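The following paragraphs lead through one protein model, from its overall make-up to individual residues. Please keep the structure in view while reading.

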Amino acid sequence: MRRMIFVNLPVADLPTSRDFYTSLGFPVNETFSDDQVAAIVVSDTIVVMLLTRDRFADFVTGSVGDPRNGPTSIACLSAESPQEVDRLVGTAIACGGSPWLPKMQDGPMYGHSFADPDGHAWEVLHMDVGGDLGGDLGGVDETALV
């Protein structure tokens, strides 16, 4: 079985958030979506679950955090090139997102970031690792990480 990651995000306006993520080129898995949830397929192993704030509250104890008041998490997507980093961030901003941090270049890493319409922070990072991340990944194929 391939391990998957599900990023669950509370959203204020599900149709707006759904439109934002589909504008980035990510499809919706309608089987796992309804009027309170949209399952956004980033890859065959990553799904962003957009949940109305009330539906998200069903899964947490305490109050639902508000990313507009301060970061609640940072998700980072890999990119195949610096150009893909710039394209994805540019598209996000053009489709209703906002800039988050300035572009960054540090050795083999190039990244940029945006916040979605609810304020959730997303980094997009290209790592030119030349096939070597420099450490034991416990049997994980390094090429699957970039």
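Helices and strands are taken here as DSSP runs, of at least four residues for a helix (H or I) and at least two for a strand (E), numbered from the N terminus. On that basis the protein has three helices and eight strands. Read from the N terminus on, these elements run β-α-β-β-α-β-α-β-β-β-β.

The model is a predicted one, and its confidence values deserve attention before any detail. The mean pLDDT of the protein is 88, with 88% of its residues at 70 or more. Among the elements, helix α1 (residues 14-23) has the highest mean, 98, and strand β4 (residues 74-78) the lowest, 91. Over residues 133-146, by contrast, pLDDT stays under 50, and the model has 13 contacts beyond four places in sequence for this stretch.

Some totals describe the chain as a whole. Of its 146 residues, 34% count as buried. The accessible surface comes to about 8,600 Å², and carbon and sulfur atoms account for 53% of that area. Where contacts join residues at least 6 apart in sequence, 49% of them link residues at least 24 apart.

The strand pairing may be taken up next. Strands of a sheet pair through backbone hydrogen bonds, either parallel or antiparallel. In this model, an open sheet of three strands has the order β1-β3-β2 and mixed pairing. β1 and β2 stand at its edges with a single partner strand each, so one side of each lacks a neighbour in the sheet. Neighbouring strands of this sheet are turned against each other by 20 degrees on average, direction ignored. β2 and β3 run antiparallel and are joined by six bridges; Ala38, for instance, has Leu50 in β3 as its bridge partner. Helix α1 lies across β1, β2 and β3, and runs at about 160 degrees to β3.

A further set of pairings involves strand β8. β4 and β8 run parallel, with five bridges between them, and Leu77 has Val124 in β8 as its bridge partner. Strand β7 (residues 109-115) is joined to β8 by seven bridges, and these two strands run antiparallel. One bridge partner pair here is Ala115 with Ala121 in β8. β7 and β8 form a hairpin with five residues between them, and Gly119 in the turn has a positive phi of about 100 degrees. Why is β8 largely enclosed by the rest of the structure? Five of the seven residues of β8 (residues 121-127) are buried, so the strand is largely enclosed.

Attention now turns to the nonpolar interior. The largest nonpolar core has 24 residues, and those with the most contacts inside it are Tyr21, Leu24, Ile40, Leu50, Phe114 and Trp122. Two or more residues of this core are given by each of β1 (5-11), α1, β2 (37-43), β3 (46-52), β4, α3 (82-94), β7 and β8. Its largest share, four residues, comes from α3. Apart from this core lies another, of seven residues, among them Ala39, Val47, Leu51 and Val64.

Ile40 illustrates the surroundings of a residue in the largest core. Leaving aside neighbours within four places in sequence, Ile40 is in contact with Tyr21, Phe26, Pro27, Val28, Ile46, Val47, Val48 and Leu50. One of these, Phe26, is found in the loop between α1 and β2. With a relative accessible area of 14%, Phe26 lies under the 20% limit and is therefore buried. Not counting residues up to four places away in sequence, Phe26 touches Tyr21, Ile40, Val41, Val42 and Leu77. Phe26 and Ala39, 13 residues apart in sequence, are 9.9 Å apart from C-alpha to C-alpha.

Within helix α1, two residues offer a contrast in exposure. Ser17 is found in this helix and counts as buried, at 1% relative accessibility. Beyond its neighbours within four places in sequence, Ser17 is in contact with Val11, Leu50 and Asp118. Thr16 also lies in α1. At 37% relative accessibility, Thr16 falls between the limits of 20% and 50% and therefore counts as partly exposed. Thr16 and Asp118 are 102 residues apart along the chain, and their C-alpha atoms are separated by 9.5 Å.

Technical notes. Residues numbered from 1 in each chain as written. Predicted model: local features only at pLDDT ≥ 70, side-chain atom pairs only at ≥ 80, totals over all residues. Heavy atoms only, no water. Buried < 20%, exposed > 50% of the residue type's maximum accessible area, 1.4 Å probe, protein only. Contact = heavy atoms within 4.5 Å. Areas by Shrake-Rupley, 256 points an atom, 1.4 Å probe, with all protein chains shown as cover. pLDDT = per-residue confidence, 0-100. Pairing = 2+ DSSP bridges. Core = buried A, V, L, I, M, F, W, Y, C linked by side-chain atoms within 4.5 Å. Axes fitted to C-alpha atoms, helices over the stretch in contact; angles between N-to-C directions.
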